[in-house]
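Pull up the model and let's walk through it together. We'll go from the overall layout to the ligand, and then into the interior.

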Amino acid sequence: MHTKPLRAIGLMSGTSLDGVDAAWIETDGERIAHFGPTVMLRYEDDLSADLRRLLDLAPTLSPDDPFPKQVEERLTRDHAIAVSMVGRSADVIGFHGQTILHAPEAHRTWQIGDAALLAHIARIPVAYDFRSADVAAGGQGAPFAPLFHAALAHDLPKPLLVVNIGGVANITWLGPNGEIVACDTGPGNGPLDDLAQKHLGQPYDKDGALAASGRVDESRLATLLAHPYFAKPAPKSLDRLTFSGLIALAIEGLNPPDAAATLAAFSATAIARAPVPAPPLRVLVGGGGRHNKHLMRLLAQLLPVPVQPVEAAGWDGDALEAQCFAYLAVRSLRGLPLSLPSTTGVPAPMPGGRLQRVIL
Ligand SMILES: Nc1ncnc2c1ncn2[C@@H]1O[C@H](COP(=O)(O)OP(=O)(O)OP(=O)(O)O)[C@@H](O)[C@H]1O
Ligand SMILES: CC(=O)N[C@H]1[C@@H]2OC[C@@H](O2)[C@@H](O)[C@@H]1O[C@H](C)C(=O)O
């Protein structure tokens, strides 16, 4: 390492709206020197429900609506609790916030989270607003994990495909000559979570049991996969709700097991068909979707190479995104790019993030 490594705590509140992940790492913004503790703080049901309402309302909210501010404060206080649960000091916090709207074609991406409040409570400077500079410059503003995946996979054989299955699924393809290609592939667990909530009263389809008990409706699956998003080349990105209207129509009238089976096949097929330059040697899967045994089985059937949870490479699949925003916080402080033309379509490697100092 050329520059002194910094200690960073990353915070990620993902599209599943279930809680905030926090992770401590030490890094110079290029290599990762040490991994530290990780925690997940689950939101109270009413905060999850309000985040969901905010997501639905976001496209039509007026700028002076008090609702986002009110939810933002509760969200930020939970993030501050997660920081204290990590139990280690840090030089900087990487605060992603909660995406409530993502419309890169309109140069808009909206993450709520009050960096000033978090810096005040935690007494640590906060790097935040990671995606705005990228979308302002014409990039997709997502995914942002690829440079972190590249750092983690520095010594692994290439080509390698890293898949994250959260509410939305995204991939990073790492080539043998340092190439990094990325995109959101389509839905991950999001539509399955919505179905499980509706029909099982549970936040997700545990181990994919409901989906495994149903039959895929092939014609409805074909309708879903005919969406023009899947024919587009990388880079490209999605809002959590991009496919919700289409999905509602596609599963109408199906019994819950068949609907779940069809949605699981939709997510897995979209991942397997991701536009990558060449087949990888193996596929490493992170994010909560790797706990879904049915999804993992489908991926193994659809892909001609080994499909393994990221733990096979010694990584922590539940903490990767939080670790990523710790890494990006240090890159932001150092003025290093957070995204590349090949990961978000931004015209040139793009630094980003803003810094909220602690007011003494
Ligand atoms: N045992 C399990 N069986 C099936 N699904 C599971 C299991 N454990 C976790 N999941 C899925 O993982 C999801 C949480 O994943 P994760 O925390 O990676 O999402 P996220 O970080 O919110 O999303 P994103 O990556 O889109 O930001 C849950 O909503 C659920 O769908
Ligand atoms: C706009 C936004 O918040 N996108 C998220 C979301 O969740 C998964 C996928 O869609 C990915 O594009 C991104 O998060 C990860 C951390 C990323 O930027 O790599």
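Start with the layout: the domain assignment splits the protein into domain 1 (6-139 + 322-356) and domain 2 (146-313). Notice that domain 1 is written as two stretches of sequence, 6-139 and 322-356. Taken over C-alpha atoms, the centres of domain 1 and domain 2 are separated by 23 Å.

Before going further, keep in mind that this is a predicted model. How confident is the predictor? The protein averages a pLDDT of 97, and 99% of the residues score at least 70. Confidence is lowest in helix α6 (residues 190-200), but the mean there is still given as 95, while strand β6 (residues 126-128) has the highest, at 99. For the complex, the predictor reports an ipTM of 0.98 and a pTM of 0.98.

Now look at where the two domains meet. Their contact takes 22 residues from domain 1 and 22 residues from domain 2. On the domain 1 side, β4 (92-103), α12 (320-333) and α13 (341-344) each supply at least two residues. Which of the elements gives the most to that side? That would be α12, with four residues. As for chemistry, the domain 1 side divides into ten nonpolar, nine polar and three charged residues.

Next, the ligand. Ligand 1 is surrounded by 22 residues, and the closest are Gly14, Ser16, Gly166, Asn189 and Gly288. Both domains take part in this shell: domain 1 and domain 2 each contribute at least three residues. The shell's makeup is two nonpolar, 14 polar and six charged residues.

Finally, step into the interior. In soluble globular proteins, nonpolar side chains tend to be buried together. Here the largest nonpolar core has 93 residues, and the members that touch the most others are Ile9, Leu11, Ala22, Ile93, Ala264 and Ala326. Helix α10 (residues 256-272) provides the largest share of this core, with ten residues. Like the ligand shell, this core draws at least three residues from each of domain 1 and domain 2.

To see one of those well-connected members up close, click on Ala264. Leaving out residues up to four places away in sequence, Ala264 touches Leu192, Gly208, Ala211, His294, Leu295 and Leu298. Apart from the largest core lies another one, made of seven residues, including Leu17, Leu51, Leu54 and Leu75.

Technical notes. Residues numbered from 1 in each chain as written. Chains lettered and ligands numbered in written order. Predicted model: local features only at pLDDT ≥ 70, side-chain atom pairs only at ≥ 80, totals over all residues. pLDDT = per-residue confidence, 0-100. Near = placed C-beta within 6 Å. Nonpolar A, V, L, I, M, F, W, Y, C, P; charged D, E, K, R; others polar. Domains from an automatic or database assignment. Core = buried A, V, L, I, M, F, W, Y, C linked by C-beta atoms within 7 Å. Buried ≥ 20, exposed ≤ 12 C-beta atoms within 10 Å, placed from the backbone. Contact = placed C-beta atoms within 7 Å.
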